[in-house]
Amino acid sequence: MDRHDVIVLGAGLAGLRAATVLAAAGLDVVVLEAQDGVGGRQRTDRVDGFLLDRGFQVLNPAYPAVRRWVDVDALDMASFPVGVRVRRTHGLVELAHPARHPSRLRATLASGLLDARELAALAAWSGGAIAAPRLAIRAARDGDDARLAEEWDRLGVRGPLRREVLEPFLAGVVAEGDGTTSDAFVRLLVRMFALGRPGLPAAGIQALPEQLAQRARTVGARIRLAHDAERVTHDGEGVRVDVAGGDPLRADAVVVAVGPERAASLAGVQPPTTHGLQTWWLDAPASPTRSRMLHLDGTRSGPVLHTAVVSGTAPSYAPRGRFLVEATCLLGDASERDVRMQLRHVWGAEVDAWRLLRRDDVRHALPAQPPPLRTTRPARVGERMYVAGDHRDTASIQGALVSGDRVARAVLADLGA
Ligand SMILES: Cc1cc2nc3c(=O)[nH]c(=O)nc-3n(C[C@H](O)[C@H](O)[C@H](O)COP(=O)(O)OP(=O)(O)OC[C@H]3O[C@@H](n4cnc5c(N)ncnc54)[C@H](O)[C@@H]3O)c2cc1C
């Protein structure tokens, strides 16, 4: 029977980061991945010449974990502008970050979305987290946290910016639209948006985990695809992992980094609550706009939270002469008719000529992050068993990477390596 120092289950961001740290420390590490490729929730497919990520998502290079462990230059990123366009009752307006896009300041001021009282309340809301994120995290941990919607109500964030911009935009980021997410967590996300310019790797979002996998292999980890771990049991001085249709493997320790839906059954942890997202990918023969911004429907006339011409920003996502449009909804019962009607409202009648390429329903897109914010959960959950993933730290690329790193270091300490 195969025997290793550590078996890592799952080749998502957390598992790949953990494997890299463990193998770099000289341990014999094998990663078992159930799917036919690495990446987990970050996969990309080529469909009719388009690059379709499995659910629209962006990479923010300002995440500290990304700055530390990812070669962002090698990803050849295309960045979205830091701003949005909003379809209001009387037309389309624009809101852009004044420091990043000073030439758009006049348009921003004319948007009609800036209400002095609401702006002051928002500045009070976000300012602390932007200036002192560690303090914000500590305060939240000590119980000074609330649901986002309650906190906005309390501070008087009640104007058009909240209703027409922040609510739909942030619902797409935290995958829920009721404002039940931790206020402290959202403020930390907003800090990242203030510091970075989210974008897409030229080869698709999967290029990020592919790079991490390459690094893990370089330091000696082996990655076995199409290896679905069925069970983890204690076995003498170590652990045994049973694999569907294959031989069992043994190791001194196992890191379960299988994502929120499988962690409970494999590692016996409390099943995390998750939220789902849905992306509609459309092929447009002509671009409906020259703007590269995310577009929001301020009138909230349908299920779409945001839509963008993705290939306007990242041309590699569409074949020459075609344009790729995304429309993101919460995972629910949105029909194609509803989505198209709303897209028509945002973009115009040309939407009728757009071809639906694919709809991605991602049921466990993000773990819920309710108050009070907990940024870490125990690395070790049993004898020689560890759990990593965004659901153990924070619901993001940053959280998944930090989790993999943190858990690997706990394994190293316990094994005395
Ligand atoms: C639609 C969508 C939009 C998102 N948008 C953003 C965004 O804009 N910004 C951001 O920061 N984050 C975003 N995220 C979240 C981000 O993608 C995740 O936080 C991150 O990828 C999670 O990584 P992970 O390693 O924790 O888990 P996963 O990626 O879920 O990895 C788990 C891996 O384990 C494998 N596995 C499962 N069961 C087994 C088994 N039994 N045996 C072996 N392997 C198994 C899976 O196949 C998978 O490869 C988004 C996610 C989605 C889906």
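A residue is buried if 20 or more other C-beta atoms lie within 10 Å of its own, exposed if 12 or fewer, and partly exposed in between. The exercises below concern a predicted model.

**Exercise 1.** Determine whether Leu343 is buried or exposed, and describe its surroundings.

*Solution.* Begin with the location: Leu343 belongs to helix α12, which covers residues 336-347. Next, apply the cut-off of 20. Leu343 has 24 C-beta neighbours inside 10 Å, and therefore counts as buried. Then list the contacts: setting aside residues up to four places away in sequence, Leu343 touches Val304, Thr307, Ala327 and Val351. Finally, consider a residue elsewhere in the chain: His227 is separated from Leu343 by 116 residues in sequence and by 41 Å in space, C-alpha to C-alpha.

**Exercise 2.** Classify Ala226 and Arg300 by exposure, and state what is notable about the phi of Ala226 and of Arg300.

*Solution.* Start with the general expectation: most residues other than glycine have a negative phi. Ala226 has a positive phi, near 55 degrees, and lies in the loop between β9 (222-224) and β10 (229-235). Because Ala226 has 14 C-beta neighbours inside 10 Å, it counts as partly exposed. Arg300 also has a positive phi, near 50 degrees, and its place is the loop between β14 (294-297) and β15 (304-309). With 16 other C-beta atoms within 10 Å, Arg300 is therefore partly exposed.

**Exercise 3.** Locate the cis peptide bond that involves Pro372.

*Solution.* The bond joins Pro371 and Pro372, with omega at about -10 degrees. Pro372 itself lies in the loop between β17 and β18 (380-382).

**Exercise 4.** Describe the largest nonpolar core and the contacts of Val255.

*Solution.* The core has 127 residues, and those with the most contacts inside it are Leu9, Ala18, Val254, Val255 and Val256. Its largest share, eight residues, comes from α1. For Val255, leave aside neighbours within four places in sequence; the contacts then include Val6, Val8, Leu9, Ala18 and Val411.

**Exercise 5.** Characterise the shell around the ligand by number, composition and origin.

*Solution.* First, count: 32 residues surround the ligand, the closest being Gly10, Gly12, Gly40, Gly55 and Gly259. Second, sort them: 16 are nonpolar, eleven polar and five charged. Third, trace their origin: α1 (13-24), β17 (355-367) and α13 (397-415) each supply at least two residues. Domain 1 (2-42 + 206-272 + 371-415) and domain 2 (44-80 + 199-205 + 274-367) each contribute at least three.

Technical notes
Residues numbered from 1 in each chain as written. Predicted model: local features only at pLDDT ≥ 70, side-chain atom pairs only at ≥ 80, totals over all residues. Near = placed C-beta within 6 Å. Helix = DSSP H or I, 4+ residues; strand = E, 2+ residues; numbered from the N terminus. Nonpolar A, V, L, I, M, F, W, Y, C, P; charged D, E, K, R; others polar. Domains from an automatic or database assignment. Core = buried A, V, L, I, M, F, W, Y, C linked by C-beta atoms within 7 Å. Contact = placed C-beta atoms within 7 Å.
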